[in-house]
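Student: Please take me through one part of this model in detail, the packing of its interior, and explain each term with its cut-offs as you come to it. I would like a single connected account rather than a list.

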Amino acid sequence: MKLQDILDKRHLKFVGKQAPEESTSLSRLAVRRFCRNKLSVASLVVIGLFVLMAVLGYLITPDSTPYCNQQYLELATLKPFSKVSFTYVDDSLPTEKRGWIHKMLYGEPLQYTAIPTHKITYSADSAYIETYTGSIPNDGEIRAVGRKQIVGTENRTFVLGTDAYGRDVLSMIMIGSRVSLSVGFIAVAIALLIGITLGALAAYYGGWVDNLITWFINVVWSIPTVLLVIAITFALGKGFWQVFIAVGLTMWVDIARVVRGQVYSIKEKEYIEATRALGFSTFRTIFRHILPNITGAVIVVTASNFASAILLEAGLSFLGIGVQPPMPSWGTMVKENYSYILLDSAYLALLPGVAIMLIVLAFMLLGNGIRDALDIKS
């Protein structure tokens, strides 16, 4: 075999097998680099679990009543994994049966009266239920009901115990995740809309437009975020949706500053000059050719803003100007139970605090992982 034939075969073999970095798209490469970061992947799994828990809602909570507000004062401050027997009695309560979608979103009232039971004895036509008190010996009230009224009994385990009103703590934490994640999604959406628009317009037009928007950004930036949120909340009133708007109207500044800096760095590129030469509109140039190239930076700051929104909502609820009872919220749970920290029921305040810490840490780690995966310098 001639030397030239050998060289040609080696050349064809080299060309047919490209380097893995060259044959992989940038998006696949970013995903691959993100998957190598175990902390970021773990944080994504944690966020996914919280989102799944918030979406399924009352379908998976032990207490599926609206707002998980089924109260048993005799079961107040039970320790985690406490077991209590319940007897269900048909009192012919007028309850309307709803579909599973309605139950998932809003919960469903109990179809029967649930009585915490220590002991039950039967006679010919009656049943005598001694209610549970938790004391030794149990000195509960004796309730006489018709034997046919008893629908059934159940042994229920309170995995995370109960609060001062006898409500299931696990159910309240699970439904409380809805408030925190909803505030994150809606507040960040509002902040993205305002921040991207103002930041892109300021950098693209420059001149007096940039000066005016930058002045407005600096004014909002100079006001402490918590005080601004409290002021907006007082103006809009207390409530569920008011918190979303208040938090969203205070978080756009970070996004606007990042977008302004990124647009400034690429607006003089050749392909942007080409769009102007072709007569494209400003809207098309900004939203079709500039913003897609700064998506990475926006995603990173969005992840951190998610964590900030959750902390702000928890702080507002703790101060009593956020989500109002009986809707469960992690901040409200901390407020209601912080006095137990010095007692033997400190877990009532620590558990919602741990939930806040986990979700905030997960979003921060996720943002760091996305930043590293999209870093073109590495």
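Tutor: Val188 is a convenient place to enter the interior, since at 3% relative accessibility this residue counts as buried; buried here means under 20% relative accessible area, exposed over 50%, and partly exposed in between, with a 1.4 Å probe and protein chains only. Please keep in mind that this is a predicted model, in which local features need pLDDT of at least 70 and side-chain atom pairs count only at pLDDT 80 or more, while totals for chains, interfaces and linings use all residues. Residues are numbered from 1 along each chain as its sequence is written, and side-chain values use heavy atoms, with hydrogens and water left out.

Val188 belongs to helix 6; helices (H or I, at least four residues) and strands (E, at least two) are DSSP runs, numbered from the N terminus. If neighbours within four places in sequence are set aside, Val188 is in contact with Val183, Thr302, Asn305 and Phe306, where contact means heavy atoms within 4.5 Å. By comparison, the C-alpha atoms of Val188 and Thr285, which are 97 residues apart along the chain, are separated by 24 Å.

One of those partners, Val183, leads into the largest nonpolar core, which has 42 residues and in which Val183, Val247 and Val259 touch the most other members. Seven helices, namely helix 6 (169-205), helix 7 (207-222), helix 8 (225-236), helix 9 (240-248), helix 10 (252-266), helix 12 (282-290) and helix 13 (295-319), each supply at least two residues of this core. Helix 6 gives the most to it, with 9 residues. A nonpolar core is defined as a set of buried Ala, Val, Leu, Ile, Met, Phe, Trp, Tyr and Cys residues joined through side-chain atoms within 4.5 Å.

Val259, again leaving aside neighbours within four places in sequence, is in contact with Gly195, Ile196, Gly199, Ala200, Leu291, Ile294 and Val298. Apart from this core lies another, of 32 residues, among them Ile47, Tyr58, Met174 and Met333. Val247 brings us to helix 9, where Val243, Phe244, Ala246, Val247 and Gly248 are buried, and what covers them includes helix 6, helix 8, helix 10 and helix 13.

Charged pairs should be considered alongside this nonpolar packing. A salt bridge is a side-chain nitrogen of Lys or Arg within 4 Å of a carboxyl oxygen of Asp or Glu, and a search of the whole structure finds 5 of them. In one of these, Asp210 pairs with Arg260, the closest N and O atoms being 2.8 Å apart. That pair links distant parts of the chain, with Asp210 in helix 7 and Arg260 in helix 10, 50 residues apart. Asp210 is buried, at a relative accessible area of 6%, whereas Arg260, at 24% relative accessibility, counts as partly exposed.

Glu336 likewise forms a salt bridge with Arg167, their closest N and O atoms being 3.3 Å apart. Here too distant parts of the chain are linked, with Glu336 in helix 14 (residues 330-337) and Arg167 in the loop between strand 5 (150-158) and helix 6, 169 residues apart. In this pair the arginine is the buried partner, because Arg167 has 7% relative accessibility, while Glu336 is partly exposed, with a relative accessible area of 31%.
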